[in-house]
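The exercises below are to be worked with the sequence and the coordinates at hand. Each task is followed by a solution in steps.

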Amino acid sequence: MAVANKLPDYLKKSAKDYGQIIKTGAEVLQEKSNYEIISVGPAIDIALGGGIKEGSWVTLTGDPKSGKTTTAMQIAANCQKLGRNVIYIDAEGRFKDMNFQVDGLDPEKMLIMAPEDKPIPAEKFLEWAYLMMSHPDNHGAAVIIDSISSLIPEKELDNDFSPGRAGLPKILSIFTKKVGQLLPRQRGLVIAITHYIANTSGFGKAKMADGGNKIQYQADTRMEIAGGGEKVSAVKFWDDDDGKRIGQLVNWKIICSSMGPPGGQVQSYIRYGHGIDKTQEILTLALDIGLINKSGAWFTCSFLEMYKDIAKEIFPDIDVENDEELFSIKAGKFQGQNKLYDFLKSNPVLVDVLEKLIKEGLSK
């Protein structure tokens with residue numbers, strides 16, 4: 001039973017003005033359990049504990065050209081598949097055609113806020129973003145701020161360098177406090193892209209995220225593009241079997257997550273002109289846990305042993321009950337990862353099967 005029915009008289013007026021301001025813990029838990037989970041990509045989702053829960057603030061931090069915007073646009077595409085609007089704040093003024101090159105992203109269903117006649121101050125960008133998020137038409141929308149470091153306070157635009165002006169961290173602090181109360185009931189996302197800046201304090205790491213501490217404290221999910229020592233770089237080029245450059249591998253560190261524990265590290269595959277490559281990530285994960293076997297240059301889809309009904313649909317001329325035929329070069333055996341990738345890409349049902357098996361295996 002709702003607590004609202006048992007409110008004391010001195011709180012009933014407040015409840016009338018502000019809604020059901022008090023709930024039992026069980027009611028809140030039930031409400032939170034019904035929140036929708038939004039995917040980023042297979043590998044990142046696993047590292048996050050499932051994905052990103054709606055109603056979350058997300059920060060993506062890294063050096064320039066490291067894959068932050070592409071990852072944000074992949075989240076946007078996944079939001080659109082769930083029927084959610086996308087609002088993109090182009091504070092950098094550098095949005096390009098290539099930024100739309102993410103599978104499943106519909107530019108027609110994106111609202112892009114960008115300066116036209118003159119620069120827009122940070123206060124206005126954030127005010128308009130808040131008003132759009134608050135509107136019922138944008139319930140559940142994803143708001144991407146690209147980037148925090150490019151937001152300029154109004155006094156800085158006016159060439160006012162006097163002491164005591166409202167700095168960006170203070171403006172962002174106010175915005176995050178307001179959004180913090182809005183997001184849970186609006187059930188959307190704020191995705192804030194931030195850059196590394198030099199840490200001049202003399203303490204801690206040499207680089208730190210810009211925008212002030214408040215947006216980091218506000219974040220339910222924080223991801224940083226960072227290397228793993230000398231052997232693992234933050235970003236490296238991705239070449240196919242023929243040596244052709246097709247994308248980049250991005251190493252993310254999970255600082256915190258709305259779904260799981262902090263501290264994980266994960267490698268994401270970004271394919272040029274495609275976004276996060278789900279097929280490649282599933283292929284790599286399947287190799288890691290033995291659902292696909294590798295011997296030299298040969299790859300065998302051993303998981304097909306459990307899905308012979310699907311195999312029969314894909315290979316109608318093969319006796320799938322005969323393992324020698326099922327795992328031959330006529331069916332589930334491939335020379336080179338490129339051929340295996342093409343096979344999985346052309347049979348998305350198998351990618352879905354592998355994703356299910358991977359999640360089940362990792363949850364045990």
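## Exercise 1: a sheet and its helix

The model is a predicted one. Three strands form an open sheet in the order S14-S15-S16, with antiparallel pairing. Task: determine which strands are the edge strands, how strands S14 and S15 are joined, and how helix H12 lies on the sheet.

Solution.
1. Strand S14 (293-295) and strand S16 (333-335) each pair on one side only, which makes them the edge strands.
2. On average, neighbouring strands of this sheet are turned by 20° against each other, direction ignored.
3. S14 is joined to strand S15 (residues 298-300) by three bridges, and the two run antiparallel. Asn293 has Thr300 in S15 as its bridge partner.
4. Helix H12 (residues 337-346) packs on the sheet and touches S15 and S16. The direction of H12 makes about 135° with that of S16.

## Exercise 2: the partners of strand S11

Task: list how strand S11 pairs with S9, with S10 and with S12.

Solution.
1. Strand S9 (residues 221-225) pairs with strand S11 (residues 245-256) in the antiparallel sense, over four bridges. Arg222 has Cys256 in S11 as its bridge partner.
2. Strand S10 (residues 235-239) also pairs with S11 in the antiparallel sense, over five bridges. Here Lys236 stands opposite Leu249 of S11.
3. The hairpin of S10 and S11 has five residues between the strands, and Gly243 takes a positive phi near 85° in that hairpin.
4. S11 and strand S12 (residues 265-271) run antiparallel and are joined by seven bridges. Lys253 stands opposite Gln265 in S12.

## Exercise 3: the buried side of helix H5

Task: check the span of helix H5 against the expected value, then locate its buried residues.

Solution.
1. Helix H5 (residues 122-134) has 13 residues, so at 1.5 Å a residue it should span 18 Å. The end C-alpha atoms are 18 Å apart, which agrees.
2. The buried residues in H5 are Ala122, Phe125, Leu126, Ala129, Tyr130 and Met133.
3. These residues lie on the same side of H5, because they cover an arc of only 130° around the axis.
4. The cover over them includes strand S4 (86-90), strand S5 (110-113) and strand S6 (142-146), along with helix H7 (168-186) and strand S7 (189-198).

## Exercise 4: helix H13 and Lys308

Task: carry out the span check for helix H13, and decide whether Lys308 is buried or exposed.

Solution.
1. Helix H13 (residues 348-363) has 16 residues and reaches 23 Å from its first C-alpha to its last, close to the 22 Å expected at 1.5 Å a residue.
2. Leu350, Val351, Val353, Leu354, Glu355, Leu357 and Ile358 are the buried residues of H13.
3. Among the elements that cover them are helix H3 (42-48), helix H9 (278-288), H10 and H12.
4. Lys308 lies in helix H10 (residues 308-314). The relative accessible area of Lys308 is 16%, so it counts as buried, the cut-off being under 20%.
5. Leaving aside neighbours within four places in sequence, Lys308 is in contact with Val320, Glu321, Asp323 and Leu326.

## Exercise 5: cysteines

Task: find how many disulfides the model has, and why Cys256 forms no bond to Cys79.

Solution.
1. A disulfide requires two cysteine sulfur atoms within 2.5 Å. The count comes to zero disulfides.
2. For Cys256, the closest cysteine sulfur is in Cys79, and it is 18 Å away, too far for a bond.
3. Cys301 has 0% relative accessibility and therefore counts as buried.

Terms used:
Residues numbered from 1 in each chain as written. Predicted model: local features only at pLDDT ≥ 70, side-chain atom pairs only at ≥ 80, totals over all residues. Heavy atoms only, no water. Expected span 1.5 Å × (residues − 1). Buried < 20%, exposed > 50% of the residue type's maximum accessible area, 1.4 Å probe, protein only. Arc of directions from axis to C-beta. Contact = heavy atoms within 4.5 Å. Pairing = 2+ DSSP bridges. Axes fitted to C-alpha atoms, helices over the stretch in contact; angles between N-to-C directions.
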